[in-house]
Amino acid sequence: FLVHVTRGKTKYTMAAKQDGTFGDVKRVLEGLCEIKSSHQRLIFKGKQRDDAETLSSAGAVASGVKMVLMVTEGQHKANEEKEILVEAEEELLGVEDRSSKLSKKLEHGMLDPTDAAVQIAMCFEAYERLSDNIGYLVRQDGGLPGRERLEGRLKVLKELLERLQSQYVLVKR
């Protein structure tokens, strides 16, 4: 029989077995709407249904039965964190590029110490902002793929900036 699930204006239709569970429906939805089943809440006849509850025990066995999909706050947070991760990766790429070019200019004596100090400071500022943003990300459901990679790249960037600062910038003591 067919099950119709709505989430806002989006509608999903799927085949279900009479001995199937609400958890089975959620697993199918996971593939359709890319929302982890742990973040899904299925509402049928005005009640949130448990994953283990069978469709037949809830009376959801007629073809064309309708359910509502609600999404937990955790899913919204996960989506927000994915966006932050993408933005941070783009910004990190830009800072890495600026730092690399800065390093080459310094190695070839193309900047005086004052200009070097200003540009290194700007890169450090961007590094700290990125570090804060990436540190904000919570490791949900086993962690965000890519967070550790970005943390590793940040560590390398910090080491480069510290090296440039120690080699090319006069530090008052």
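**Exercise 1. Count the helices and strands of the protein chain and put them in order.**

Solution. The secondary structure comes to four helices and five strands, where helices (H or I, at least four residues) and strands (E, at least two) are DSSP runs numbered from the N terminus. Reading from the N terminus, the order is β-β-α-β-β-β-α-α-α. Before going on, keep in mind that this is a predicted model: local features need pLDDT of at least 70, side-chain atom pairs count only at pLDDT 80 or more, and totals for chains, interfaces and linings use all residues. Residues are numbered from 1 along each chain as its sequence is written, and side-chain values use heavy atoms, with hydrogens and water left out.

**Exercise 2. Work out whether the protein chain is a compact globule or more spread out.**

Solution. Start with the radius of gyration, taken over C-alpha atoms: it is 26 Å. Next, the globule rule (2.2 Å times the number of residues to the power 0.38) gives 16 Å for 173 residues. The chain's value is well over that, so the chain is more spread out than a compact globule. Along the principal axes, its C-alpha atoms fill a box of roughly 80 × 25 × 20 Å.

**Exercise 3. Lay out the open sheet and trace the partners of Val 5.**

Solution. First, the strand order: E2-E1-E5-E3-E4, with mixed pairing; two strands pair if DSSP finds at least two bridges between them. E2 (10-15) and E4 (47-48) sit at the edges, each pairing on one side only.

Now take E1 (residues 2-7). With E2, the pairing is antiparallel over six bridges; with E5, it is parallel over four bridges. Val 5 has Tyr 12 as its bridge partner in E2 and stands opposite Met 67 in E5. Val 3 is bridged to Met 14 in E2. Finally, the E1-E2 hairpin has two residues between the strands, and Gly 8 there takes a positive phi near 65°.

**Exercise 4. Describe how H3 (residues 113-136) packs with H4 (residues 147-168).**

Solution. Two packed helices are described by the angle between their axes and the distance between the axes. Here the axes come within 10 Å and cross at roughly 160°; they are lines fitted to C-alpha atoms over the stretch in contact, with angles from 0 to 180 degrees between N-to-C directions. H3 and H4 are therefore roughly antiparallel (over 145 degrees). Contact means heavy atoms within 4.5 Å, and the residues making it include Ile 120, Phe 124 and Tyr 127 of H3 and Leu 150, Leu 154 and Leu 157 of H4.

Technical notes: Angles under 35 degrees count as roughly parallel, over 145 as roughly antiparallel, 65 to 115 as roughly perpendicular and the rest as oblique.
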